[in-house]
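Me: I would like to go through the pockets, ligand sites and backbone geometry of this structure, one question at a time.

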Amino acid sequence: MIGVILLNMGGPDSLDSVKPFLRNLFSDRDIIKLGPSFLQKPIASLIIRKRLESVRKAYSLIGGKSPLLDITKAQAKALEESLNSSQFAVHGSRLFKVYVGMRYWHPFIEDAVDHAIRDGISRILALSLYPHYSIATTGSSLKKFEDAIKKYHVDYSSVTSWFNHPLYINALVENIQKGLKAFDKKPVVLFSAHSLPQKFIDNGDPYVNEIQGTINTILKKIDIQWYLSYQSKTGPVKWLEPTTEHMLHELSEKGVKNLLVVPISFVSDHIETLYEIDILYKGMAKELGMNLKRIESLNTSSKFIEALADIVIKGVKDIGWI
Ligand SMILES: C=CC1=C(C)c2cc3[nH]c(cc4nc(cc5[nH]c(cc1n2)c(C)c5CCC(=O)O)C(CCC(=O)O)=C4C)c(C)c3C=C
Ligand SMILES: [Fe+2]
Ligand SMILES: [Fe+2]
């Protein structure tokens, strides 16, 4: 049997777990280096103390927890069904088992690895659920995965960026087309990607190029007027620009009335779609005289699950497991 571990960030499963979740995140020097390593913990504590109430409030406004785990579990279940009904299922036997491994909250990546090993799985493929590679996201998760799996004598491999996979593009295009139809007049499209400190890009991170790659491929399939901006910066260093907040002001100054926001670097709903876009940016747009709508996140859309299945099948074929 082949184990597939879906790698994602994870999110708090209650308001009480917001603080320990943030502690795990701000302890990871791959996502954020807070001075020399001996200062990481004390600076993290200061940042958390400052952020905690506003972050808890945001989670309380979207149901008191992050929906990321429930959605990732549903993606895992649908993917497992799809993989086991593919042409590679031998005489009805199930060739694939899919697990969820989160970087900063339960179930952790190392728990998913242990679980697969307990299930007797000897070949494990890690699939990052971030379509665009960044050392801060996929890189950090993969490091955890490799640390955990090296304890065991099993074959393993990983798929870490699939920003241009044709079925992933099809899934996005389907949701963009649905989004366009929700307006009476053709809207302007704003791709909003999660931000990243500029320093990562200066050091060679491919994140921005891969985002641009996804957008360029989408543009071959639909005719739209579009912009790209970056959301959710945290902290005082220079992050990617323009910010989504700034772009909303600029578009309103240009006279834009109808705006379709396409969250481009996420494949699920979570705080950045349900709170930042749906509550914060929608309210801001309204004040600026714009009608803002967001495309549905990919979540468990059948086209997206088809894409993930194809990415896994190609991945395991490449290394000769099937
Ligand atoms: C492509 C996706 C993401 C990138 C790139 C990314 C970079 C990044 N994030 C932080 C700090 C925080 N991220 C937080 C939550 C969070 N971030 C992403 C995705 C990306 N982050 C997700 C999916 C989530 C979870 C959302 C949920 O619903 O739980 C948080 C916690 C929330 C908050 O305090 O705002 C922090 C902090 C950094 C520093 C960074 C790049 C270096
Ligand atoms: Fe983040
Ligand atoms: Fe974020």
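Me: What is the volume of the second largest pocket, and which element supplies the largest share of its lining?
Reply: In this predicted model, the second largest pocket has a volume of about 550 Å³. Of its 22 lining residues, the closest to the centre are Ile31, Ile32, Lys33, Pro197 and Val237. Helices α2 and α7 (198–202) each supply at least two residues of the lining. The largest share, three residues, comes from α2.

Me: How many residues in the lining of the second largest pocket are charged?
Reply: The lining can be split by class. There are 11 nonpolar and four polar residues, and the charged ones number seven.

Me: Which helix supplies the largest share of the shell around ligand 1?
Reply: The shell around ligand 1 has 29 residues, and those that come nearest are Arg51, Tyr59, Ser66, His270 and Ile271. Four helices each supply at least two residues of this shell: α1 (18–26), α2 (37–61), α5 (135–149) and α10 (271–287). The largest share, four residues, comes from α1.

Me: How many residues of the shell around ligand 1 are nonpolar?
Reply: The shell holds two charged and nine polar residues. The remaining class, nonpolar, has 18.

Me: What percentage of the area that ligand 1 exposes when taken alone does the protein bury?
Reply: Oxygen atoms of ligand 1 have polar partners in the protein: an N or O atom in the side chain of Arg51 at 2.8 Å, and one in the side chain of Ser66 at 2.9 Å. A polar backbone atom of Ile271 is also 2.9 Å from an oxygen atom of the ligand. Taken alone, ligand 1 exposes 810 Å², and the share of that buried by the protein is 96%.

Me: Which residues coordinate the iron ion (ligand 3), and how many residues apart are they?
Reply: The iron ion (ligand 3) is coordinated at 2.3 Å by His194, through NE2, and by Glu272, through OE. His194 is in strand β5 (residues 188–194) and Glu272 is in helix α10, so the pair links distant parts of the chain. Their separation in sequence is 78 residues.

Me: What distance separates the iron ion (ligand 3) from the iron ion (ligand 2)?
Reply: His194 and Glu272 coordinate ligand 3. Ligand 2 is also an iron ion, and the distance between the two ions is 3.0 Å.

Me: How many residues lining the largest cavity are charged?
Reply: The structure holds one cavity of 30 Å³ or more, and about 50 Å³ of space lies in the largest cavity. Its lining is made up of Leu172, Pro263, Phe266, Val267, Ser268, Ile295, Glu296, Ser297 and Leu298. Six of these are nonpolar and two polar, and the number that are charged is one.

Me: In which loop is Pro107, which follows a cis peptide bond from His106?
Reply: The peptide bond from His106 to Pro107 is cis, with omega near -10°. Pro107 has its place in the loop between β2 (96–102) and α4 (109–118).

Me: Where does Pro242 lie, and which non-glycine residue in that loop has a positive phi?
Reply: Glu241 and Pro242 are joined by a cis peptide bond with omega of about 0°. Pro242 lies in the loop between β6 (226–231) and α9 (244–253). The loop between β6 and α9 also holds Ser232. The residue with a positive phi, about 65°, although not a glycine, is Ser232.

How values were computed
Residues are numbered from 1 along each chain as its sequence is written. Chains are lettered from A and ligands numbered from 1 in the order in which they are written. This is a predicted model: local features need pLDDT of at least 70, side-chain atom pairs count only at pLDDT 80 or more; totals for chains, interfaces and linings use all residues. Side-chain values use heavy atoms; hydrogens and water are left out. A residue is near a molecule or strand if one of its heavy atoms lies within 4 Å of it. A polar contact is a pair of N or O atoms within 3.5 Å; within protein, one must be able to donate a hydrogen and the other to accept it, and residues adjacent in sequence count only if both atoms are side-chain atoms. Accessible areas come from the Shrake-Rupley method with a 1.4 Å probe; for residues, only the protein chains shown count as cover. Ala, Val, Leu, Ile, Met, Phe, Trp, Tyr, Cys and Pro count as nonpolar, Asp, Glu, Lys and Arg as charged, and the others, Gly among them, as polar. On a 1 Å grid over the protein atoms alone, a cavity is a set of points where a 1.4 Å probe fits but cannot get out, and a pocket is an open set with protein on both sides within 12 Å along at least five of seven lines; lining residues have an atom within 4 Å of a point. Grid points are joined across faces, edges and corners, and a volume is the space filled by probe spheres set on the points. Donors are N, O and S atoms within 2.8 Å of the metal (3.2 Å for Na, K and Ca); water is not among the atoms, so sites may look incomplete.
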